[in-house]
Amino acid sequence: MYLDRKWDIVFWITAAFFVGAAADITRLLFAGDWDFWVDWKDRQWWPILTPFATIIIPSAIQYILWAVWRLPIGASYTAACLFLASWVGRVYQWQDFVNYPLTLIWPATVVPGAILMDFILLRTRSFVLTSIVGAMVWTLAFWVANYIPLAAYLQPVQFMGHVLTVADVAGIEYLRTQTPEYLRQVENGTLRSFLDQTQYVSLVFGSTVAVGGYWIGQALARFIALWPVGRGIKRL
Amino acid sequence: MPRLAFGVALAVLLTITTAGEVAAHGERAQEGFLRMETVAFSDVSFSTSTLGPGQNLTISGNATILDSWPETLGEPKVGYVNVEAPGPVMLMKDRTVNGMSAPDAIFISKGQTYAFSMTLVGREAGVWHIHPTFAIQGAGTLIGPGQWITVESGGGGTFNNSLQLLNGQTINLETYNLAQLTLWHWLGFLVALVWILYWIIPRPTVTRLAVTSQIPLNSDGHEIGLITRRDQRVAVWFAIGTVLLLGAGWVYQQMYFPVKIPLQVIRLTPPAGQTPPRFAEVQVQRADYDPARSTLSMDVRATNSGSAAMTLASFTTSTLTFVNPAVAPAEHMLVADLPATLQPNESRLLRLTMQDVVWTEERLIEVDKPRIDIAGLLVFKNTEDVEDRVAVRSSVTPKLFP
């Protein structure tokens with residue numbers, strides 16, 4: 001029993017680095033700038049891309065932990081690891097080393113959505129239902145959890161003769177030499193918005209996209225992580 | 001093992017001793033002919049080379065989107081005037097283009113000259129290489145002439161990035177809302193940590209595989225004690241707690257920040273600069289380049305179609321300006337074989353010679369590139385002190401054999 005618990009500790013601590021790195025890399029690949037800069041955290045693209053990018057690895061780990069150990073904490077564990085990886089990166093690399101203020105580069109959190117998604121899996125015991133309901137809850141919780149700290153940066157301010165948000169001003173003031181402003185993909189007006197409700201359309205669409213992200217994570221877990229291991233064990 | 005250690009030490013030593021100093025921003029990295037055919041920077045000036053934290057530095061100058069803009073780069077439509085610097089060592093406090101405030105990107109077009117002015121504030125002490133830049137959507141960033149700027153730690157200034165909101169509150173943008181943000185984030189993390197520990201501390205992890213492999217995937221194993229009714233009850237409370245936490249946060253932000261606006265995008269077309277009267281007509285008949293002597297020669301047919309005498313003042317290409325020494329002394333010189341002053345209606349063939357090692361140093365004309373070209377602005381000035389900038393472009397015949 002003592003030996004078992006030692007292996008448990010080794011597993012959870014070791015896995016934290018891999019899981020955190022995998023989640024962070026996936027997020028950076030698919031939603032790097034949106035998650036990175038405060039002046040990219042808009043109401044049109046951010047709720048679509050970042051929930052999709054951040055649900056992939058939590059979904060994969062959720063499947064693995066449920067299938068292998070019946071632990072409904074895969075998404076929460078991934079979210080916690082991602083949380084630590086993000087904060088370590090932003091504080092030590094980007095604030096202390098490069099000297100950007102955290103006001104510009106604070107990371108988004110997916111922790112509340114992850115807890116709720118794990119809860120949904122525990123109650124439904126179904127990955128199909130979790131993918132549909134859980135991914136929608138994930139997206140909604142992502143928006144609520146991150147809009148709360150973002151609200152302060154959406155205060156209006158007069159700058160260079162224009163009314164901008166605090167977030168816009170931070171993006172202009174702190175030099176990003178190889179990131180011209182026109183690269184910023186944020187809401188810029190479209191005739192195709194539904195009754196002018198960009199935010200709600202984005203949340204609904206983001207939820208749908210997150211369902212797809214969830215199943216990408218499931219595929220990773222089933223066919224790249226567990227299936228080869230299972231084949232190997234059978235051979236033994 | 002000693003061999004390995006020796007090998008590593010040797011590799012480190014060779015790397016350190018052979019590596020060149022890196023102290024710029026790759027302004028010579030782009031191909032020379034592209035730099036010359038795209039944007040010409042002229043009259044770039046820095047208001048000071050030394051300042052203290054919180055003190056101002058103004059960078060001003062002109063950037064011309066040349067008519068010789070290569071079609072391979074796409075039509076230039078959106079641009080962004082900015083600064084190339086090693087990180088946020090300074091803050092951008094004001095930016096105008098042709099007198100118009102330009103916080104964001106601007107609409108641009110070929111053949112236009114954009115007079116820019118940027119006011120920066122020293123933030124981080126050190127010696128920094130600073131360039132103005134002109135980024136063009138779809139093409140990339142063109143880098144203007146740079147200068148070393150010293151931000152002295154004891155330079156008499158104090159850095160404080162305060163900003164007044166429209167509600168009258170003054171904030172410090174370096175730290176604004178960080179306490180609440182950090183508290184909120186870590187509160188959520190704490191909930192997740194307790195949730196995770198609840199599941200992994202009281203029960204084994206690794207050894208559960210032997211049991212879980214015997215039950216279907218959609219079973220929680222409650223019949224064999226894997227997940228109990230108590231676990232389900234605890235999970236419900238965690239879910240309720242998480243929702244309540246989100247609700248409380250939402251109420252908080254609505255109470256404390258009732259007025260919010262979405263992120264803003266400012267896209268404007270700068271007013272056209274005053275169109276100067278055109279009085280110079282130029283045709284480049286031939287251009288030669290001698291790499292060994294780093295010398296560019298151009299045969300130029302210049303015609304004065306104006307009503308006042310005009311003089312060839314300079315040639316601007318990329319970040320360089322070659323000045324006619326008969327007009328003013330300068331670092332880079334443009335020498336004409338005949339007097340470069342033309343009377344009204346006079347036409348003359350001038351042989352312009354620019355012998356300067358900068359052609360080689362800046363990698364502007366290189367014979368191993370797919371296009372061996374020269375492009376830039378020939379600037380003529382008449383007796384009424386009016387300038388006419390004529391864009392020229394020509395292929396160059398390199399001297400490949402001695």
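Two residues are in contact here if their C-beta atoms, placed from the backbone, lie within 7 Å. By that rule, 76 residues of chain B are in contact with 75 residues of chain A. Helices are DSSP runs of H or I with at least four residues, strands are runs of E with at least two, and both are numbered from the N terminus. The elements of chain B that give two or more residues to the side touching chain A are β4 (78-84), β5 (90-97), α3 (178-200), α4 (209-212) and α5 (229-256). The largest share of that side, 14 residues, comes from α3(B). By residue type, the side of chain B that touches chain A divides into 47 nonpolar, 20 polar and nine charged residues. In this count Ala, Val, Leu, Ile, Met, Phe, Trp, Tyr, Cys and Pro are nonpolar, Asp, Glu, Lys and Arg are charged, and the others, Gly among them, are polar.

Before going further, a word on what you are looking at. This is a predicted model, in which local features need pLDDT of at least 70, side-chain atom pairs count only at pLDDT 80 or more, and totals for chains, interfaces and linings use all residues. Residues are numbered from 1 along each chain as its sequence is written, while chains are lettered from A and ligands numbered from 1 in the order in which they are written. The model scores ipTM 0.93 and pTM 0.89. The predictor's confidence in each residue is the pLDDT, from 0 to 100. Chain B has a mean pLDDT of 91, with 98% of its residues at 70 or more. Among the elements of chain B, the lowest mean pLDDT (82) belongs to α4(B) and the highest (97) to strand β7 (residues 106-107).

Now let us turn to chain A. It has eight helices and two strands, in the order α-α-α-α-α-α-β-β-α-α along the sequence. Its radius of gyration, taken over C-alpha atoms, is 19 Å. The globule rule, 2.2 Å times the number of residues to the power 0.38, gives 18 Å for 236 residues, so chain A is as compact as a globular protein of that length. A residue is buried if 20 or more other C-beta atoms, placed from the backbone, lie within 10 Å of its own, exposed if 12 or fewer, and partly exposed in between. Of the 236 residues of chain A, 57% count as buried.

One helix to follow is α3(A), residues 74-97. The expected span of a helix is 1.5 Å times one less than its number of residues; for the 24 residues of α3(A) this gives 34 Å, which agrees with the 32 Å between its end C-alpha atoms. There is a bend of about 25° at A:Arg90, the angle between axes fitted to the seven residues ending there and the seven starting there. The buried residues of α3(A) include A:Gly74, A:Tyr77 and A:Phe83. Just after α3(A), A:Asn99 takes a positive phi of about 75°.

Finally, visit one residue in each chain. A:Trp138 sits in helix α6 (residues 127-150) of chain A and counts as buried, because it has 33 C-beta neighbours inside 10 Å. Beyond its neighbours within four places in sequence, A:Trp138 is in contact with A:Pro51, A:Ile55, A:Gly113, A:Met117 and A:Ala210. In chain B, B:Ser314 lies in strand β16 (residues 310-317) and is buried too, with 24 C-beta neighbours inside 10 Å. B:Ser314 and B:Phe380 are 66 residues apart in sequence, yet 7.2 Å apart in space, C-alpha to C-alpha.
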